[in-house]
Amino acid sequence: IDKNIQGKLENIYDNFSNILLGNIKGASAPGFVAWKVNSKGDILSPTNALIYYKKSNLINDKNNVFLTPAEYSIENNGDVVISSSKINAYGKNLLFAEFYTRNDQNNLVTHRTGGFVIPEENLIKKDGKVIIKAQFLKDKPDLYKIENKNMVFNNKYYTIDLKGIVQPQSSVVVIDHKTGLIKGIVGGRGQKGSKFLNRAASSARQPGSTIKPIAVYTPALANGYTVATPIDDIPYYNEKGERWPNNWYKSYRGLMSLRRSVQSSINVNSVKTLEHVGIAKSKEYLTKMHLINKNNPAGDTFVSKGENGKINDENLAAMGLGAMSDGFTNLALTGAYASISNLGTYIEPLTFTKVVDSEGNVILENCQEVEEVVSQQTAYIMKDVLRTTTNFGVAKLAKIPNMEVGGKTGTTQDNQDSWFIGYTPYYTVGVWLGVDNPQIKLKESSETAVKLWGKINTSIHEGYKPIPLPKPDGITTCPVCTISGKLPGPYCSKDPRG
């Protein structure tokens, strides 16, 4: 870990909202997220299921969970019958719902509540209602009391996370792709201590379009495609005869080169190219990039047909569009991109190389796995495609002063996850944003992730000298007809399509 880089990353994450949004105090909705609330202010899922209560609707001013008279009844025999989504039962566990607040930077903050154990014979779930038997309540007479007709549960029996977790969450990984050493890593916002979830290394999320360069177009370039190969963006139909997939621009653009297909993140062309290259061939390259562990399938987050015959990642939607069962961690995905940045050689990302005692004796050596993924020439061409991709759309926000950059955006369905993974001559950097509960979506697709990537790299490259992209021998350039993908004929320049 580079202390200077790590310090700059942590400073950016400590000032996350101000850096990316400025002053948004007083806004009607929290920053970053596209929330959906009911008339009471509780957060709803896209299907209108209640997922977070407004704090005052779940917890009173003494931090006790309460039920209104309409949410409970006390039977003649002393049983308590609860008909509210505030309380649920799983086995012998009585669980309380979660709630939210908004902090002084107008960020959404989600809070967990605990529960407690009730012997199964005294806890019944029936017809959508939870019943606590009178026998248990005799042993716990202070479990609840009635205040102003509300049933108030004593918080000595359960925990409440009053600090909460700020949303959306985010992670960043900075890898020196020439050595594989991790120079900086942040696994979340606003959390400290040993219970901190490192989302960069431990949380797998769907990669969206960041999958395309590594699972589709790098294998294609290594197996006969060039950046000028035309791919026809016209309606495609799946095995059910349905028109699928849709492009983000809701239309079709006809013949597009491979380079333009990456630049415009064309879903149809990614699926078509993957189908032509083959799922098996694509898996070979994901294995070389260590996103698939063929020797220990349980040791990766890729779901193979062998692991699940019905729901798995060996299909066009998962490997061509990033709609994967579990997805990948930011660390694993950035490590895969680093193999392209390093001109085709994968080097396992490490946070340490060895452990020595006070006398310098090596007591543990952390040996890196190194594997050639593609030739230097293929990797150089893919890097060049990623470089020109940052000349278009929101990816232009990744540009940093006097430094060559390249990379790819990624967005999952309904803005559930937002990614940008890219390179500079010095580092490969991956940025992810999303809400821990994926039922809450982001306001923007990939713009915020790209903007954050640009801010991070502008900061950590301060004082660095620009370095040109090294070009290996064996690269040929020439004019190409954009329709045929072949050498242009005498009339190509006269074509009205250019």
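Let me begin with how the chain comes together: among contacts in the protein between residues at least 6 apart in sequence, 65% join residues at least 24 apart. I should say at once that what we are looking at is a predicted model, and please keep that in mind through everything that follows. The protein has 498 residues, of which 50% count as buried, and its secondary structure comprises 13 helices and 28 strands. If you take the C-alpha atoms along the principal axes, they fill a box of roughly 95 × 70 × 50 Å.

I would like to turn now to one pair of helices. Two packed helices are described by the angle between their axes and the distance between the axes. Here helix H6, residues 211–221, packs with helix H11, residues 330–341, at an angle of about 35°, and their axes are 10 Å apart. Which residues of H6 and H11 meet? On the H6 side they are Pro213, Ile214 and Thr218, and on the H11 side they are Leu333, Ala336, Tyr337 and Ile340. Sorted by class, the residues of this contact are 6 nonpolar and 1 polar, with no charged residue among them.

Helix H11 will come back as we look at the empty space inside the protein. Rolling a probe the size of a water molecule over the atoms shows where empty space is left. How many cavities of 30 Å³ or more does a search of the whole structure find? The search finds 2 of them.

The largest cavity holds about 40 Å³ of space. Its lining includes Tyr337 and Ile340, two residues that you have just met in the contact of H11 with H6, and among the others are Ser341, Leu386, Gly406 and Tyr423. At least two lining residues come from each of H11, strand S25, which is 406–411, and strand S26, which is 417–423. By class, this lining has 5 nonpolar and 5 polar residues, and no charged ones.

The second largest cavity has a volume of about 30 Å³, and the residues that line it include Asp176, His177, Gly335, Ala338 and Tyr346. Strand S17 (169–176), H11 and strand S21 (345–347) are the elements that give two or more residues to this lining, so you can see H11 taking part again. The classes here are 4 nonpolar, 5 polar and 1 charged.

From the cavities we move on to the pockets. About 1,100 Å³ of space lies in the largest pocket, and of the 36 residues that line this pocket, Ser209, Trp248, Asn267, Thr411 and Thr412 are the closest to its centre. Helix H7 (258–263), helix H10 (316–321) and S25 each supply at least two of the lining residues, and the largest share, 4 residues, comes from S25. The lining of the largest pocket has 10 nonpolar, 21 polar and 5 charged residues.

The second largest pocket contains about 820 Å³ of space. It is lined by 30 residues, and those that lie nearest its centre are Thr226, Val227, Ala228, Arg259 and Val480. Strand S20 (254–257), H7 and helix H12 (376–389) each give at least two residues to the lining, with the largest share, 5 residues, coming from H12. In this lining the residues divide into 13 nonpolar, 12 polar and 5 charged.

Next, a word about one of the sheets. Strands of a sheet pair through backbone hydrogen bonds, either parallel or antiparallel. The sheet I have chosen is an open one of 3 strands, in the order S7-S8-S11, and its pairing is antiparallel. Why is one side of S7 and one side of S11 left without a neighbour in the sheet? Strand S7 (87–90) and strand S11 (115–117) stand at the edges, and because each has a single partner strand, one side of each has no neighbour there. On average, and ignoring direction, neighbouring strands of this sheet are turned by 20° against each other. S7 and strand S8, residues 93–96, pair over 4 bridges in the antiparallel sense, and asparagine 88 has leucine 95 in S8 as its bridge partner.

Finally, let us look at a single residue. Alanine 280 lies in helix H9, residues 279–288. Is alanine 280 buried or exposed? Its relative accessibility is 56%, and since exposed means over 50%, alanine 280 counts as exposed. Leucine 291 is 11 residues from alanine 280 along the chain, and the C-alpha atoms of the two are separated by 14 Å.

How values were computed: Residues are numbered from 1 along each chain as its sequence is written. This is a predicted model: local features need pLDDT of at least 70, side-chain atom pairs count only at pLDDT 80 or more; totals for chains, interfaces and linings use all residues. Side-chain values use heavy atoms; hydrogens and water are left out. Axes are lines fitted to C-alpha atoms, for helices over the stretch in contact, and angles run from 0 to 180 degrees between N-to-C directions. Contact means heavy atoms within 4.5 Å. Ala, Val, Leu, Ile, Met, Phe, Trp, Tyr, Cys and Pro count as nonpolar, Asp, Glu, Lys and Arg as charged, and the others, Gly among them, as polar. On a 1 Å grid over the protein atoms alone, a cavity is a set of points where a 1.4 Å probe fits but cannot get out, and a pocket is an open set with protein on both sides within 12 Å along at least five of seven lines; lining residues have an atom within 4 Å of a point. Grid points are joined across faces, edges and corners, and a volume is the space filled by probe spheres set on the points. Two strands pair if DSSP finds at least two bridges between them. Buried means under 20% relative accessible area, exposed over 50%, partly exposed in between (1.4 Å probe, protein chains only).
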